[in-house]
Amino acid sequence: MSQKRDYYEVLGLSKSASESEIKKAYRKLALKYHPDKNPDDESAEERFKEAAEAYEVLSNGEKKARYDQYGHAGMGQGFGGGGMNMDDIFSQFGDIFGGAFGGSFGGSRGGGGSRVVKGSNLRVKMKMTLEDIADGVKKKIKVNKLVNAEGVTFKTCSTCKGSGRITRMAQTFIGAMQTQSVCNICQGAGKMIDKRPADADQNGLKRQEEVIEIEIPAGVEEGMQLNVRGKGNAGPFNGVPGDLMVVIEEVEHADLKRDGDNVHYEAFVSFMDVVLGESVEIPTLSGKVKIKIDPGTQSGKVLRLRGKGLPNVQGYGSGDLFAHINVWTPTKISKDEKELIEKLKESENFQPKAGDKDKGFFKQMRDMFS
């Protein structure tokens, strides 16, 4: 499958484009590639869907901010969505086209001006360990959602006569004015319930539990929201379903602390380890590894394990693991131990000699990232 194009590239815009510029660019492309103007042209239909998907994200402040930060990995299509369908496009964006294509966006697809009603979105939280985040996982969750009830039949809406809109005449100081609004009875669908089973509501829907498999990409972060298109509540009057929004919650790791794509570990070693040199075992996200403590290592030194952090959510490599060396000091010692230490204390070699060679913590960190 070809790689998804950048949404700004699709609309021919820069990231600084205004709301009106985004709307204008989308309208121009949608009119150019509309299926009614390009019958039986699959490439034009794909460009039409591509432009609609880009507009859906960039015209929404929250989605735009998330896309600017995470790219496609933070959006529904980077999360396993299958692209926008025509019902989505015609129902969500018809208002920006005015009288194009015979007075209703999508022409006959809307049923004489009626529209397909989209269901509401669902929002769930998903807890993930750092190990899950490092690898990316597939998880199954149970969702209680609205679905279309079996046995429901429909008839033409008696209020709007199937048009999906109500026309009103009002007298103003400049004369009679005609206004149109979405039918409040059928919500613009142009139809209403004729017969329904006892377990269905007034929109032909019922609640049902569904198990949904969700694929989480590697490198996601706390608070990141991923959309699974079409897995929300079913639309009223047999409309299109909404989306399932999955919010990531990180489970705190017992040993490792996350810092973006990097992770940190506090390694406690004994005085003898740093004097004589030793190999100590530390945890990583892919299992335990041994690191070498060189003789003379000072407390506060930071050892860097490249590539042992978390993968970048946009695919730009992986972060590192930083092991912070802390020399553990015993709180109680025996009489014999004290005598040995007193002898060592008298040795000139055990007197502190701080210099440029023995850098403080902040200088170590500054040098490491410079």
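In the predicted model, Arg5 has a relative accessible area of 28% and is therefore classed as partly exposed. The side chain of Arg5 meets that of Glu50 in a salt bridge, with a distance of 2.9 Å from N to O. This pair links distant parts of the chain, since Arg5 belongs to the segment before helix H1 (7-11) and Glu50 to helix H3 (residues 42-58), 45 residues apart. Glu50, at 22% relative accessibility, likewise counts as partly exposed.

A second salt bridge involves helix H3, here between the side chains of Lys49 and Glu45, at 3.5 Å from N to O. Both residues lie within helix H3, four residues apart, or about one turn of the helix. Glu45 is partly exposed, its relative accessible area being 30%. The C-alpha atom of Glu45 is separated by 9.6 Å from that of Ala30, and these two residues are 15 residues apart along the chain.

A further salt bridge is formed by Asp243 and Lys118, whose closest N and O atoms are 3.7 Å apart. Asp243 is placed in the loop between strand S8 (225-228) and strand S9 (244-250), and Lys118 in the loop between helix H5 (86-93) and strand S1 (122-128), so the pair ties together parts that are 125 residues apart in sequence. The two partners differ in accessibility class: Asp243 is buried, at 4% relative accessibility, whereas Lys118 is partly exposed, at 23%. Asp243 and Lys118 also belong to a network of salt bridges that links them with Glu56, Lys63 and Arg229. In total, 20 salt bridges are counted in the model. Side chains of opposite charge can pair when their charged atoms come close.

The loop between S8 and S9 also contains Phe237. Phe237 has a positive phi of about 55°, although it is not a glycine. With a relative accessibility of 5%, Phe237 counts as buried. A positive phi, near 60°, is likewise found for Gln187, another residue other than glycine. Gln187 is located in the loop between strand S5 (175-182) and strand S6 (191-195). In contrast to the buried Phe237, Gln187 is partly exposed, with a relative accessible area of 30%.

The cysteines were examined for disulfides, and a search of the whole structure finds zero. For Cys183, the closest cysteine sulfur is that of Cys186, at 3.7 Å; this is too far for a bond, because a disulfide requires sulfur atoms within 2.5 Å. For Cys186, the closest cysteine sulfur is in Cys160, also at 3.7 Å and again too far for a bond. Cys183 is buried, with a relative accessible area of 1%, and Cys186 is buried as well, at 0%.

Strands S12 (residues 278-284) and S13 (residues 287-293) run antiparallel and are joined by seven bridges. The connection from S12 to S13 is a hairpin of two residues. Thr284 stands opposite Gly287 of S13. In a regular strand the side chains alternate between the two faces of the sheet.

A nonpolar patch on the surface comprises Phe271, Met272, Val275, Leu276, Leu344 and Phe350, which together have about 530 Å² of accessible area. The greatest contribution to this patch comes from helix H7 (residues 271-276), which supplies four residues. Phe350, another member of the patch, is situated in the loop between H8 and helix H9 (361-369). Its relative accessibility of 33% places Phe350 in the partly exposed class.

Helix H8 (residues 335-346) has twelve residues, and at 1.5 Å a residue the expected span is 16 Å. The C-alpha atoms at the ends of H8 are 17 Å apart, which agrees with that expectation. Of the twelve residues of H8, the number buried is zero, so this helix lies largely in the open.

Key. Residues numbered from 1 in each chain as written. Predicted model: local features only at pLDDT ≥ 70, side-chain atom pairs only at ≥ 80, totals over all residues. Heavy atoms only, no water. Expected span 1.5 Å × (residues − 1). Buried < 20%, exposed > 50% of the residue type's maximum accessible area, 1.4 Å probe, protein only. Patch = residues over 30% accessible without salt bridge, like charges linked within 9 Å, V, L, I, M, F, W, Y side chains within 5 Å. Areas by Shrake-Rupley, 256 points an atom, 1.4 Å probe, with all protein chains shown as cover. Salt bridge = Lys/Arg side-chain N within 4 Å of Asp/Glu carboxyl O. Pairing = 2+ DSSP bridges.
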